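Please look over the notes below with the model open. They deal with the ligand site and then with the nonpolar cores.

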Amino acid sequence: MANTLISSVPDCPPEAPRDCPRCTRLVAFRDASAAANPGWFNGAVPSFGADAARLLIVGLAPGLKGANRTGRPFTGDYAGDLLYSTLLAFGFARGTYRADPKDGLQLVDCMITNAVRCVPPGNKPLPQEITSCRAYFSSRLAHLPRLRAMVALGRVAHDQTLATLGVRKALYPFKHGARHEIGQVVLFDSLHCSRLNTNTGRLTTAMFHDVFRDVRAFLDQDHGTPRR
Ligand code: SF4
């Protein structure tokens, strides 16, 4: 079942195959990681959460020692510590986060995905890699029939979302705490919850919580939607 945000369901599945071959540089990086760390996931990391979710959180890409290692978005590195504790605090997750895909943590009315599904060197995907992975992102959006809110974690996630929705970037500038109404969804912007941003003080826990407090309030007031 598709939503109406994307005009037609893309001819592409919402999840990339683990060994997706589209990006030569990223495939080589994955392969090098697999050779050095054969016990790691080392593939295109699938989204986490159910298709019935109203909230989609969009990260940049798997971290080398985080999602690329564990196979679950934001799991196993610092960014995940802040993200999952925040989701638990605002009712978007239940259980206990133990930085392990087998920790039993469940997302509530929420899905987490990445703008780029494979780990890029230096956490920096190239423009053509972002474009290549857009087919999966577009399909991911199309397969969320109840989608009402998105959180873009950083500018790459924000820009990938706007490009996928086919709207002009100039109309929706990225800014931490911004809220953009785009068709049937509201896009909330946040700085990425990376260690770099938090260690430098660009992003505090309070600033991050403020974004999710806004999302919680929006979804709780959203008319005609089932309660949690
Ligand atoms: S980044 Fe996306 S398009 Fe590129 S190889 Fe990985 S899954 Fe495929």
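1. The shell around the ligand holds nine nonpolar, one polar and three charged residues. Here Ala, Val, Leu, Ile, Met, Phe, Trp, Tyr, Cys and Pro count as nonpolar, Asp, Glu, Lys and Arg as charged, and the others, Gly among them, as polar. This is a predicted model: local features need pLDDT of at least 70, side-chain atom pairs count only at pLDDT 80 or more, and totals for chains, interfaces and linings use all residues. Residues are numbered from 1 along each chain as its sequence is written, and side-chain values use heavy atoms, with hydrogens and water left out.

2. There are 13 residues around the ligand (a heavy atom within 4 Å of it), and A16, C20, C23, C118 and C133 come nearest. Two or more shell residues come from each of helix 1 (24–36) and helix 4 (127–142). Helix 4 has the largest share, three residues. Helices (H or I, at least four residues) and strands (E, at least two) are DSSP runs, numbered from the N terminus.

3. The largest nonpolar core has 32 residues, of which I57, L87 and F212 touch the most other members. A core is a set of buried (under 20% relative accessible area, 1.4 Å probe, protein chains only) Ala, Val, Leu, Ile, Met, Phe, Trp, Tyr and Cys residues joined through side-chain atoms within 4.5 Å. Helix 7 gives the most to this core, six residues.

4. A second, separate core has 21 residues, including L56, A115, A157 and V185.

Definitions and conventions. Buried means under 20% relative accessible area, exposed over 50%, partly exposed in between (1.4 Å probe, protein chains only).
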